Amino acid sequence: EQDKFSIAIVGSRRASFYGLSSAESFAQELSSRGFTIVSGLARGIDTYAHKGALKARGRTIAVIGSGFNQVYPPENKELAEDISCNGAVISEFPIDTKPLPQNFPQRNRVISGLSLGVLVVEAARNSGALITADFALEQNRDVFALPGKIDSNTSFGTNGLIKQGAKLVSSVDDITEELNFPEATQG
């Protein structure tokens with residue numbers, strides 16, 4: 001019940017400063033308004049989305065593509081511990097499952113499934129974040145995308161999503177209005 005208003009924030013592992021700072025600030029503001037932030041604990045956008053939620057002392061859920069004994073990437077072990085104190089780290093894989101490449105598209109289905117919508121912050125042409133957006137559409141979730149510079153490799157995917165009808169996001173209000181988020185629950 002406390003995670004009823006969840007939004008996924010996903011994007012490139014090799015994100016730009018713009019992408020990282022946007023992921024963190026969107027997560028922090030959404031979190032401070034009462035949203036639970038869902039992401040995948042990956043390097044880049046995911047890491048900063050989780051950190052933004054924690055900065056706001058909000059709830060965040062990390063869906064990992066490995067078992068709990070194989071937290072990936074290793075440098076996010078401490079972040080995973082912080083998240084587990086203020087949300088949850090979840091996995092559908094057995095405890096010793098290694099972070100195999102085929103696990104990540106599979107866990108993206110869970111990320112979108114737990115959320116009312118998915119915000120894609122930055123995504124290159126073949127980004128896993130685009131897989132998450134596809135799952136979101138299949139699951140009848142909203143897809144939001146942060147526009148980026150047209151000559152930036154990591155903006156190719158988000159700008160493409162906008163062309164295909166994803167909601168262009170330039171502020172947190174764009175998300176809360178689209179989701180009809182009740183102002184009364186905002187903290």
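# A tour from strand S6 outward

Begin by selecting Phe-144, which lies in strand S6, residues 142–145, and keep in mind throughout that the model on screen is a predicted one. Is Phe-144 buried or exposed? Its relative accessibility is 0%, so Phe-144 counts as buried. If you now display its contacts, leaving aside neighbours within four places in sequence, you will find Ile-7, Gly-117, Val-118, Leu-119, Val-120, Lys-167, Val-169, Asp-174, Ile-175, Glu-178 and Leu-179 around Phe-144. Add Leu-168 to the selection as well: Phe-144 and Leu-168 are 24 residues apart in sequence, while their C-alpha atoms are 6.1 Å apart in space.

Next, select helix H1, residues 17–32, and set a distance between the C-alpha atoms at its two ends; at 1.5 Å a residue its 16 residues should span 22 Å, and the ends are 22 Å apart, which agrees. Colouring H1 by burial picks out Gly-19, Leu-20, Ser-22, Ala-23, Glu-24, Phe-26, Ala-27, Leu-30 and Ser-31 as buried. The cover over these buried residues includes strand S1 (6–10), strand S2 (36–39), helix H2 (45–55), strand S5 (117–120) and helix H7 (172–178). Just past the helix, pause at Gly-34, which follows H1 and has a positive phi, near 110°.

From H1, move to Leu-30 and show what surrounds it. Not counting residues up to four places away in sequence, Leu-30 touches Ile-7, Ile-9, Phe-35, Ile-37, Val-172, Ile-175 and Thr-176. Which residues touch the most other members of the largest nonpolar core? They are Ile-7, Ile-9, Leu-30, Ile-37, Leu-119 and Ile-175, in a core of 21 residues. The elements giving two or more residues to this core are S1, H1, H2 and H7, and the largest share, 5 residues, comes from H1. A second, separate core has 18 residues, among them Leu-130, Ala-133, Ala-136 and Val-143.

Now show H1 and H2 together, and turn the view until both axes can be followed. The two helices pack at an angle of about 35°, with their axes 7 Å apart, and the crossing of H1 and H2 is right-handed. On the H1 side, select Gly-19, Leu-20, Ala-23, Glu-24, Ala-27, Gln-28 and Ser-31, which meet Ile-45, Tyr-48, Ala-49, Lys-51, Gly-52, Ala-53 and Lys-55 in H2. The residues of this contact divide into 7 nonpolar, 4 polar and 3 charged.

The next stops concern the backbone. Most residues other than glycine have a negative phi, and most peptide bonds are trans. Select Leu-41, in the loop between S2 and H2, where phi is near 65°, a positive value in a residue other than glycine; Leu-41 is buried, with a relative accessible area of 0%. Then go to Asn-140, in the loop between helix H5 (128–138) and S6, whose phi is also positive, near 60°, although Asn-140 counts as exposed at 72% relative accessibility. For a peptide bond, select Tyr-72 and Pro-73: the bond from Tyr-72 to Pro-73 is cis, with omega near -5°, and Pro-73 is found in the loop between strand S3 (60–63) and helix H3 (77–85).

Finish at Gly-113, in helix H4, residues 103–113. With 30% relative accessibility, Gly-113 counts as partly exposed, and, not counting residues up to four places away in sequence, Gly-113 touches Gln-139 and Arg-141. A last distance to draw is that from Gly-113 to Ile-95, 18 residues apart along the chain, whose C-alpha atoms are separated by 22 Å.

Methods
Residues are numbered from 1 along each chain as its sequence is written. This is a predicted model: local features need pLDDT of at least 70, side-chain atom pairs count only at pLDDT 80 or more; totals for chains, interfaces and linings use all residues. Side-chain values use heavy atoms; hydrogens and water are left out. Helices (H or I, at least four residues) and strands (E, at least two) are DSSP runs, numbered from the N terminus. The expected span of a helix is 1.5 Å times one less than its number of residues. Buried means under 20% relative accessible area, exposed over 50%, partly exposed in between (1.4 Å probe, protein chains only). Contact means heavy atoms within 4.5 Å. A nonpolar core is a set of buried Ala, Val, Leu, Ile, Met, Phe, Trp, Tyr and Cys residues joined through side-chain atoms within 4.5 Å. Axes are lines fitted to C-alpha atoms, for helices over the stretch in contact, and angles run from 0 to 180 degrees between N-to-C directions. A crossing is left-handed if the near helix is turned anticlockwise from the far one by less than a right angle, and right-handed if clockwise. Ala, Val, Leu, Ile, Met, Phe, Trp, Tyr, Cys and Pro count as nonpolar, Asp, Glu, Lys and Arg as charged, and the others, Gly among them, as polar.
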